[in-house]
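Here is a briefing for a reader who is new to this structure. Please look over the sequence and the model before reading on.

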Amino acid sequence: MGHAKKGPFSGQQKIKPTPEKPFDSFFIIKRLSADNESFNTVSPFLVQKAITATVGEVAAIKKLRSGDLLVEVSSRQQAQQILKIKVLGTIPISVTAHATLNHSKGVITCGELLNVSVEEITRELSSQGVTHVRRITIRRDGQLLDTKHHIITFHFPTLPEFIYAGYIKLPVRAYIPNPLRCFKCQRFGHSQGNCRGTLTCARCAEKDHDSKQCTAQEKCVNCKGDHTAYSRVCPRWQLEKQITVVKVKEQISYPEARRKVLNTTPTTGLSYAAAAAKTPSEPKNKPSQLPPVKSSDSDSDKSVLSVPDASNPKKKKSGSKNSFKLKLAKRGLSQKDMTSKFQKSATKNSVALGLATQGLVHKDLPSIFGGVPKSPDRIALHPSEGEDEEITMSCDVLPTRASVSNTSPYTTLP
């Protein structure tokens, strides 16, 4: 029966993808007319019926800004049939494959291909749908040096996940080009062939001359900054780069990618790159603020530590009184029974503090009051003595001396 074939080193069966012969999926239909007419004046029902009757149900039909039709087919047979169409109903037309939508670009990295010529790489990878290979070079000390990175062009609208360079499996990353800038008007988003603007200098932003012989001061026509229109520090260039990243990664059109990026701009009138580079700065000598006291079922903590309200001091006093009454009610005492007792203690404390400010020490006070004054019925601050109470204090505020009012039987900390 013969010997069994040995498997790969990993122990798993190695299956290479079967190469599929590529075909074009996107086509441009142009109307042939001596007056340069387009499909803007043609009924869309007539167009759809004529295309369906010729090639069958296609994937999509879309009218471009130029008035031409973009048709996406779903099979190789439809791609062959649509190229044979010469008349759409009674309208003479021409059908060509789209220049860019039928291809995709990716980047591979392989050190073993550093000494292999680009022509050989293109020839060996042609069976996997590769139509063009370009090696990425860098400039060092005035010399161009080859790298191990290559830009691969595939004859597929969708980029494959990997390819095989001989026995090596190489992952394919999406190629993100630089933003498209017009060499005529220096604006982004279109090329020189489709430009409707006027000639503008890329160096000084003046009109009716180019930048080859210009020696004027640098000025950007897009952001009005002190740099050229092709500078990569330009906020507009960085914005366009972000739009290109979204366009390539999400496989959407340029207008859709632009709207999506502009919708994520945090500030109106501020570019995406400028908003990302802008960092918030806190003002100097910013006054410290006390954190808010968390509310709980019991309001006894508010009678001890209350945050002053500068806008409405009467509201603070009323709230403290209500907290004090609620504390007395929980202890089973009334306001009437505790008034006289608290007023006597408050008077003694006020006199003691007044003498202390006059230079008298604490040891001279027992001769006046007959003993060290004590705070009657001290309100508990320990968490175990309350009901799910939590006091939040700020370490940034300097400790201040407690003030006792002669007319108020409760204590507050400013």
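The notes below go from the whole chain to one arginine, then to the salt bridges and two helix residues.

This is a predicted model. The protein chain has 414 residues, and 28% of them count as buried. Its secondary structure comes to ten helices and eleven strands.

**The chain as a whole**

- The protein chain exposes about 28,700 Å². Carbon and sulfur atoms supply 52% of that area.
- Take the contacts in the chain with a separation of 6 or more. Residues 24 or more positions apart account for 55% of them.
- The count of salt bridges comes to five.

**Two annotated spans**

- An unreviewed UniProt entry lists "domain: CCHC-type" for residues 181–197 and 200–216.
- In the model, residues 181–197 are 0% helix and 0% strand. The end C-alpha atoms of this span lie 13 Å apart.
- Residues 200–216 are likewise 0% helix and 0% strand. Their end C-alpha atoms lie 13 Å apart.

**Arg181, a buried charge**

- Arg181 sits in the loop between strand E11 (173–174) and helix H4 (235–250).
- The residue number 181 also opens one of the spans that the UniProt entry lists, 181–197.
- Side chains of opposite charge can pair when their charged atoms come close.
- Arg181 is buried but has no salt bridge. The nearest side chain of opposite charge is Glu240, 11 Å away. A salt bridge needs a side-chain nitrogen within 4 Å of a carboxyl oxygen, so Glu240 at 11 Å does not pair with Arg181.
- The side chain of Arg181 does have a polar contact with the side chain of Gln186, at 2.4 Å.
- Leaving out residues up to four places away in sequence, Arg181 touches Gln186, Arg187, Phe188, His190, Ala202, Ala229 and Tyr230.

**Glu240 and its partners**

- Which residues are linked with Glu240 in a network of salt bridges? They are Arg236 and Arg258.
- Arg236 and Glu240 meet through their side chains at 3.3 Å, N to O. Both belong to helix H4, and because they are four residues apart there, about one helical turn separates them.
- Arg236 is partly exposed, with a relative accessible area of 22%. Glu240 counts as buried, at 2% relative accessibility.
- Arg258 and Glu240 also form a salt bridge, at 3.1 Å, N to O. Arg258 lies in helix H5 (residues 254–263) and Glu240 in helix H4, so this pair ties together parts that are 18 residues apart in sequence.
- Arg258 is partly exposed, with a relative accessible area of 24%.

**Another salt bridge between H4 and H5**

- The side chains of Lys260 and Glu250 form a salt bridge of 2.6 Å, N to O.
- Lys260 lies in helix H5 and Glu250 in helix H4, so the pair ties together parts that are ten residues apart in sequence.
- Lys260 is partly exposed, with a relative accessible area of 41%. Glu250 is partly exposed too, at 39%.

**Thr244 and Ala257**

- Is Thr244 of helix H4 buried or exposed? Thr244 counts as buried, because its relative accessibility is 10%, under the 20% cut-off.
- Leaving aside neighbours within four places in sequence, Thr244 is in contact with Ile176, Pro177 and Pro179.
- Ala257 has its place in helix H5. Ala257 counts as buried, at 0% relative accessibility.
- Thr244 and Ala257 are 13 residues apart in sequence. Their C-alpha atoms are 7.5 Å apart in space.
- Ala257 and Lys247 are ten residues apart along the chain, and 5.2 Å separates their C-alpha atoms.
- Not counting residues up to four places away in sequence, Ala257 touches Ile243, Val246, Lys247 and Ile252.

Note on methods:
Residues numbered from 1 in each chain as written. Predicted model: local features only at pLDDT ≥ 70, side-chain atom pairs only at ≥ 80, totals over all residues. Heavy atoms only, no water. Helix = DSSP H or I, 4+ residues; strand = E, 2+ residues; numbered from the N terminus. Buried < 20%, exposed > 50% of the residue type's maximum accessible area, 1.4 Å probe, protein only. Lys, Arg positive; Asp, Glu negative; His and termini not counted. Polar contact = N/O pair within 3.5 Å; in protein donor to acceptor, adjacent residues only side chain to side chain. Contact = heavy atoms within 4.5 Å. UniProt positions renumbered as here; feature names shortened; annotations may be inferred. Areas by Shrake-Rupley, 256 points an atom, 1.4 Å probe, with all protein chains shown as cover.
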